[in-house]
Amino acid sequence: MTSYSYETELATLQEVIQQKVATMFSDSSNVVKRTLMEKTVTKLCVFFGKQNANDVLLSHMITFLNDKHDRHLRSSFFDSIVGVATYIGCHCADILKPLLLQGLSDAEESVVVAAINAMVSLTEIGLFPPHLQCDLLLHTAPLLIHPNLWIRQAVVGLIAVIARTLSLVDVQTEVVSRVQPFLVRPLLQLHRE
């Protein structure tokens with residue numbers, strides 16, 4: 001007589017779904033990868049649990065940044081990473097930092113905007129500790145003089161979010177000192193875009 005338990009059945013189902021998801025993430029069509037990320041990745045996180053979301057989903061998603069021919073796929077990564085990182089938790093912040101910085105140097109400006117917007121969202125939800133926020137600001141502040149208006153506006157949004165989350169002392173010592181060299185006029189308010 002075979003006994004079935006919820007945990008055994010769930011583990012079996014997760015393994016089957018994990019194989020299907022790995023196949024879809026390895027598909028030759030980037031449309032399949034983008035659709036999977038944009039439509040179901042956060043639901044898959046809940047289904048797999050934190051550890052498998054980190055090991056299976058995040059590890060596959062990171063490889064999409066290497067596709068230099070599909071800016072939509074790279075942009076989808078940054079749009080989708082917020083939901084995945086929110087589910088996994090703050091311990092993935094150190095993994096995300098180099099990926100976000102890689103997004104800042106992307107050849108496509110829309111991908112740069114998506115990377116900065118991901119930083120904004122991840123900062124708003126409290127995923128980044130203050131030292132990491134200041135480090136991201138060190139890399140994004142020079143983009144205040146970028147010719148692309150969307151990039152400049154995204155950086156201003158990041159600065160405003162960081163200024164709202166840090167203490168007044170940190171804002172004056174860390175944020176103002178990093179932002180001021182790239183401004184023509186003096187700062188009036190940092191916490192409002």
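This report describes the confidence, the nonpolar core and one helix with its neighbouring loop in a predicted model.

Residues are numbered from 1 along each chain as its sequence is written. In this predicted model, local features need pLDDT of at least 70, side-chain atom pairs count only at pLDDT 80 or more, totals for chains, interfaces and linings use all residues, and side-chain values use heavy atoms, with hydrogens and water left out.

The average pLDDT (the predictor's confidence in each residue, from 0 to 100) is 90 for the protein, and 95% of the residues score at least 70. The table gives the two extremes among the elements, where helices are DSSP runs of H or I with at least four residues, numbered from the N terminus.

| Helix | Residues | Mean pLDDT |
|---|---|---|
| H3, lowest | residues 50-62 | 87 |
| H6, highest | residues 109-124 | 97 |

The largest nonpolar core (buried Ala, Val, Leu, Ile, Met, Phe, Trp, Tyr and Cys residues joined through side-chain atoms within 4.5 Å) has 58 residues, and Phe 78 is among those that touch the most other members. Helix H6 gives the most to this core, with 10 residues. Not counting residues up to four places away in sequence, Phe 78 touches (heavy atoms within 4.5 Å) several residues, including Leu 65, Leu 99 and Val 111.

In helix H9, Val 171, Val 175, Val 176 and Val 179 are buried, that is, under 20% relative accessible area. Seen down the axis of H9, the buried residues fall within an arc of 95 degrees (taken from the directions from the helix axis to the C-beta atoms), so they line one face of the helix. These buried residues pack against helix H7 (130-140) and H8.

Ser 167 lies in the loop between helix H8 (149-165) and helix H9 (168-179), and with a relative accessible area of 37% Ser 167 is partly exposed, a term for values between buried and exposed, the latter being over 50% (1.4 Å probe, protein chains only).
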